[in-house]
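Trainee: I am new to this structure and would be grateful for a guided reading. May I see it before we begin?

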Amino acid sequence: MIIRNTAVRHGRRQLAAPVARSVLLRHLTTSSTPTATPTTTQAWPEAKTEQPTPPKIFSSKKKQRRDNAFISLSTNTGQEHYGANWTKTHEVGGREMSPKQQFAEFQRVQKTTRSVGTRVERRYVPSELIANPPAPEDVSLELLMASQTHMGHNTSLWNPANARYIYGARQGIHIISLEATAAHLRRAARVVEGVSYRGGLVLFVGNRPGQMEIVTRAAELAGACHLYTKWIPGSITNRDVILKNKGMKVVDGKDQELENFDAFKNTARPLVPDLVVCLNPMENYTLLYECGLANVPTIGIIDTNANPTWVSYTIPANDDSLRSAAIIGGVLGRAGQRGQERRLAQAAAGEVTWQTPPALENQIRKDILAAVSQRKEVMGRMQANLLGFNEEELEILQTEQDGEARSISDAEMVNMLAQAAAEEASENDAPVVDLAAKASEISASLDAAKGDATALESEIAEIRK
């Protein structure tokens, strides 16, 4: 007790330096006569200091595998095996087996025990939601619950504007109403289908880790565009500067590209999407704000902590779950695919469901007028090169070509031409020619000119159509 109290009283100074036993005996004795103490001293055992643990050293392969890892629903990382058991020959069941023999044995056991146990009709495959998403009518409350669309955020992080979408709270977490999610999802699917049916441009946006495959697959189904990287601010409000070098193509009702529109492509403004589908509105406020300035409708997944006024059509659901984002993106992609199929079917029947943009109509009108004027100029040169026409005859042909009404009959025209020919012959002291023969030649020339004018008018009518 005395030794322990001494250590406590003197603290770290007594424990830091070794203390001689003679000193302790001198302090603890009660006798007045000094006692002989040995000359040898013995120090207390020092406390063992903990050795610092060396840092973990990762191999280059493990580090590269860790750096290249990414979140995805289509990759099945649980089936990847690393280690000597799958690369070298080792003992299995009392005998040495190579990797090939191990795999053959695994297939044999699997084939033998395939019929044993419970038969599961519907099993969850992560990549199935991306490769084969359901249609809007196939969405059920069970599917939404299995996709974790009902899981909200902590009750302390909620936005009061989402109170109408919240079913309740459990263990401090808000629960989103699945009925509201299903109803809003079907409404958004009808919007996407209508825009695709009218030939509109739909943009799918999702730039969280793991959403790249979701937006690309949805855009592939709907024949739309996708964005899985950061939104460039000003791509809508300042598109003339940011997107001036982007490509553009002009298509017909059957989505076949049209040629001879290079002048329009070089002068036209960059396109603006007709509908934007955003899977994570919390990180894309700039995009949604620009869409609001440009009057572009938007569809977004609204969690309990988001602001529902940021988008035009809300889908109350969990935006943190990849499975929830995959089911919503796949349903909207299927809706866009259905709209595209309807539009192409009617286009094949001769009915176009979309209207040509005003800028393209003006360009087509200018091209038609330029083609007509060029054709008129060519035909005028061809008629001017004909022999046997004087200035008066060329004037008559020019007035007929321009379409101006003139109250001159054919007989009067023939007489005028014959009289002009006679005057020209008398001025040149040439022998008098037969007026009847000259009139017949002139009438034949006029008939040929009329035929050319009729053919020209028919070609112009076809161009205008």
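Mentor: Buried means under 20% relative accessible area, exposed over 50%, and partly exposed in between, with a 1.4 Å probe and protein chains only. This is a predicted model, in which local features need pLDDT of at least 70, side-chain atom pairs count only at pLDDT 80 or more, and totals for chains, interfaces and linings use all residues. Residues are numbered from 1 along each chain as its sequence is written, and side-chain values use heavy atoms, with hydrogens and water left out.

Trainee: Is C291 buried or exposed?

Mentor: The relative accessibility of C291 is 0%. Because that value falls under 20%, C291 counts as buried.

Trainee: How far from C291 is the nearest cysteine sulfur?

Mentor: A disulfide requires two cysteine sulfur atoms within 2.5 Å. C291 is in no disulfide, and the structure holds zero disulfides. The nearest cysteine sulfur belongs to C278, at a distance of 8.7 Å.

Trainee: Which element gives the largest share of the largest nonpolar core?

Mentor: A nonpolar core is a set of buried Ala, Val, Leu, Ile, Met, Phe, Trp, Tyr and Cys residues joined through side-chain atoms within 4.5 Å. The largest one has 35 residues, of which F204, I299, I328 and L332 touch the most other members. Helices (H or I, at least four residues) and strands (E, at least two) are DSSP runs numbered from the N terminus; those giving two or more residues to this core include β6 (202-205), β9 (298-302) and α13 (322-348). The largest share, eight residues, comes from α8.

Trainee: Which residues does L332 touch, not counting those up to four places away in sequence?

Mentor: Contact means heavy atoms within 4.5 Å. By that criterion, L332 touches L185, A188, A189, V192, F204, V277, I299 and I315.

Trainee: What is the relative accessible area of D319?

Mentor: D319 lies in the loop between β10 (313-316) and α13. Leaving out residues up to four places away in sequence, D319 touches H153, R208, Q211, L279, M282, I301 and D303. D319 is buried, and its relative accessible area is 2%.

Trainee: Which are the edge strands of the open sheet ordered β3-β5-β4?

Mentor: Two strands pair if DSSP finds at least two bridges between them. Three strands form this sheet, with antiparallel pairing; β4 and β5 (residues 173-176) pair over four bridges, and I166 stands opposite I176 in β5. Each edge strand pairs on one side only, and these are β3 (151-154) and β4 (166-170).
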